[in-house]
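Trainee: I can find my way around a picture, but the labels still puzzle me. Could we go through a few and ask what earns each one?

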Amino acid sequence: MELKEGSGRLEIELPVAIDLPMSGELRDILLDALARDSSADVVVKAGAVERLSTACVQVILVAADGFKAAARRLEVENPSSAFSDAFERLGLAPDLQKLI
Amino acid sequence: MAEDQSYDLSRFKATYFEECAELLASAEETLSRLQDGEGSVEDLNAVFRCVHSIKGGGGAFAFEDLVHFAHVFETSMDALRSGRVQLTPHVAEILVRGNDVLGDFVRAAQEGETLPPDHGAEVKTQLAAILTGDADTPAPAARPAPVAAPAAVPSGFATWTIRLTPAPGLLRTGNDPLLMIRELSGLGEMKVAVDRSRLPLLADMDAQTAYLAWTFTLVTDKGRAAIEEVFEFVAGDSADVVIEQTGQPVEAEEGDGWGLFAPIPPTPDAPPAAAAPTHQGTVGHPAAPATSAKGQEAGAGGIHTSSIRVDLDRVDRLVNMVGELVITQAMLGQQASGFSIESHPELVQGLQELSHHTRELQESVMAIRAQPVKALFSRAPRLVRDLSTKLGKQARLVMSGEGTEVDKTVIEQLSDPLTHLIRNSLDHGIETPEERIAQGKPAEGTIHLAAEHRSGRVVIQVSDDGKGIDRKRVLEKAIEKGLVDRGAQMTDEQIDQLIFAPGFSTAAVVSDVSGRGVGMDVVRKNIQDVGGRVVVQSTPGQGSRFILSLPLTLAVMDGMLVAVGNERYVLPLTNIVESLRPTAQQARTLVNVGDVLTLRGDYIRLIRLYELFGIKNAITDTTRGLVVVVETEGGDRIGLLVDELLGQQQVVIKSLDSNYRPVEGISAATILGDGRVALILDVGALRIMGERLMSGAQLVAAASPQAAE
């Protein structure tokens, strides 16, 4: 997982499984993206995700709020069914809709 | 580790319930025959066995209610089959009812429900009464009310509010609310409200801390216990869980629909208090049969299975037909090779799709027959434990790759050889603890059983860290038995191969474990029968390794079609390393060795296929032909001289052994697209044949066990 710069935006491709340690990594990457002195939006590519923890969902929620506060946007691109499913189960389907 | 075990157990449970469903169905069928008065003693035995099997499995999983009832049932069946009690129509009826109740218990166990303690009590009493002969005296209530079906379902739905507030450390304990929510939503219809007020700023956030909290509204017919069970591991320490019942249970109305229809659960959207009356109107209405699915049918009908058993013959027929389809597809492809995509775009594209689909179909069909080698490996731990005790040795079994899937027929053929190899390792390989310590090894020996997929084949290895093959003894023994001529020069590898010779055993004392000399040659034969090969590698003092290499499937493989003179041969693609046209410098003839090919500093034995098979009109000049470098399972490389490569193709394997007779150097035959028969080359055997051809002057034919065939 790493932050890539492409066509005026920052991109992160999520791996197949995002467990607890991986969520920590994701948080650090997103914090890094937020701290960068740029106005670029962040795109989280979630097409490959098959398994994710609640921790990962929390990180994405918190990061989305953070970017919003900085007048930037965190966008979830092409969420896999497992990804959407997790948000829905946790009662966060509307929150995910806002990020897509 | 713990996770693995629980996973395993759930798989065993699933198998058990599938078997239960079959057993109950078969018992029901037999019982109905008995009820019609057509039954025999064998039928009574059959029912007894069914009940006994269900009881046995239930005991293993500690389904106490189930076992208790099955025990009573079984005792009555035993009395009947032994003739102590006469089977009358009335008794038969009790048995049928008993089978229904048994089905209820199985279903309850499968769903993880608890039946009311008095469930089936009446039937149980009647079953017990069979023993004393009382059952046949008409009871005061001549026709007891049917008890089996309706009692199985707890009567009402209720609305529950559950608040889950995780402690910050919840996630770190390995518990994930996602899993609990998934489990909870399995209990009924559920709405989730999330409380995100505790979420911090990204900079202040610890990703492993739980911040979210939830309130669930659940409508379920399961009780509080089922809900509490979901949070069993977190409630208290890792999370604050509050469970409240907010809606009244909705009772099924007596008399409506004969209790066959379960009440419709109110949706969680409705205000809990209002839910009951508004929906009550529709509750007992016969127009709502959809919810009757669960747990209502008598006997085995309600126990769901996710797999079916199919007769192997049917699968074989399917495999054969797919094989024929592959041949037809190859034929069509060949016929159409003259058409260009420009002139017949649709035809060419259609054929490509056909080829694609054929391959997919074939893979799916093969997957039906595939089974994990776990079934094969599962006997090993016990074997090792028993044998090491018997032999006074200490051994540890390590297994890997149990999930590797192999064709069922291959698995069946492997069982004996594998058992023998493990015995062999323990008996001949692993030393006694004293010897091991004297040599600086740990007292406990290790036997490693491994399976893996390697380039289209399955490789199973049995290795040990014992003393390895005693080559001096093997050679002496071989000379003594007349397998090898005295004074014959043999390489280490050739000596190792001697242990596979028929009638060979070096164990000084014949033990009841191994050493009867009927082992390794049988091992090799069994493996060869399924198109496999066995190779042994041994390092004195460090152990031996037996490598079994087997085809994934016995039906189809990818091959390279090569031409030698007018003949066509198929080389398994998995064996081919590369092909090249050698220069004059590369191809040489060495004294006492024969033709070799120098390739990047290595010498590779060159085998002229035309010479081996006596083919005329073939290219004999190595610099004008092509050399295909192939690798055998043992890791040796040889070069095969052919005229040209004709192309890669999927071929259907037709056994030569069963249709003709075994031919050395040939593993099977196939039918090509143009209808010609081509032989599939056995690279390992070719190497041995080539060696014999070259060094025949030095080695007596019998010196190599392969040559003895």
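Mentor: Sure, let's start at Asn78(A), which sits in the loop between S6 and H3 of chain A. Keep in mind that this is a predicted model, where local features need pLDDT of at least 70, side-chain atom pairs count only at pLDDT 80 or more, and totals for chains, interfaces and linings use all residues. Residues are numbered from 1 along each chain as its sequence is written, while chains are lettered from A and ligands numbered from 1 in the order in which they are written.

Trainee: What do the letters H and S stand for in these labels?

Mentor: Helices and strands, both DSSP runs numbered from the N terminus (H or I with at least four residues for a helix, E with at least two for a strand).

Trainee: Why is Asn78(A) called partly exposed?

Mentor: Buried takes 20 or more other C-beta atoms within 10 Å of the residue's own, exposed takes 12 or fewer, and partly exposed is in between, with C-beta atoms placed from the backbone. Asn78(A) has 13 such neighbours, so it lands in the partly exposed range. Asn78(A) also has a positive phi of about 50 degrees although it isn't a glycine.

Trainee: What makes Arg600(B) exposed, then?

Mentor: Arg600(B) has 5 C-beta neighbours inside 10 Å, so it counts as exposed. Arg600(B) lies in the loop between strand S16 (594-599) and strand S17 (602-608) of chain B, and has a positive phi of about 45 degrees without being a glycine.

Trainee: How do you know where His52(B) falls, buried or exposed or in between?

Mentor: There are 17 other C-beta atoms within 10 Å, so His52(B) is partly exposed. His52(B) belongs to helix H2 (residues 41-60) of chain B. An unreviewed UniProt entry lists His52(B) under "modified residue: Phosphohistidine".

Trainee: Which residues are buried in helix H6 (residues 177-185) of chain B?

Mentor: Pro177(B), Met180(B), Ile181(B) and Leu184(B).

Trainee: How do you know that they're on the same side of H6(B)?

Mentor: They cover an arc of only 100 degrees around the axis, so they're on the same side of H6(B). An α-helix has 3.6 residues a turn, so residues three or four places apart point the same way. Among the elements covering the buried residues of H6(B) are helix H2 (54-69) and helix H3 (81-89) of chain A.

Trainee: How many residues of chain B are in contact with chain A?

Mentor: 21 residues of chain B are in contact with 21 residues of chain A (a contact has C-beta atoms, placed from the backbone, within 7 Å). H6 and S2 of chain B are the elements giving two or more residues to that side of chain B, and H6(B) gives the most, with four residues.

Trainee: What makes S2 (residues 9-13) and S4 (residues 42-45) of chain A a pair?

Mentor: Two strands pair if DSSP finds at least two bridges between them. Four bridges join S2(A) to S4(A), and the two run parallel. Glu13(A) stands opposite Lys45(A) in S4(A).

Trainee: And how much should I trust chain B? What is its mean pLDDT?

Mentor: pLDDT is the predictor's confidence in each residue, from 0 to 100. The mean for chain B is 77, and 82% of its residues reach 70 or more. Over residues 508-518 of chain B, though, pLDDT stays under 50. Where pLDDT is low, the predicted coordinates should not be read in detail.

Definitions and conventions. Arc of directions from axis to C-beta. Contact = placed C-beta atoms within 7 Å. UniProt positions renumbered as here; feature names shortened; annotations may be inferred.
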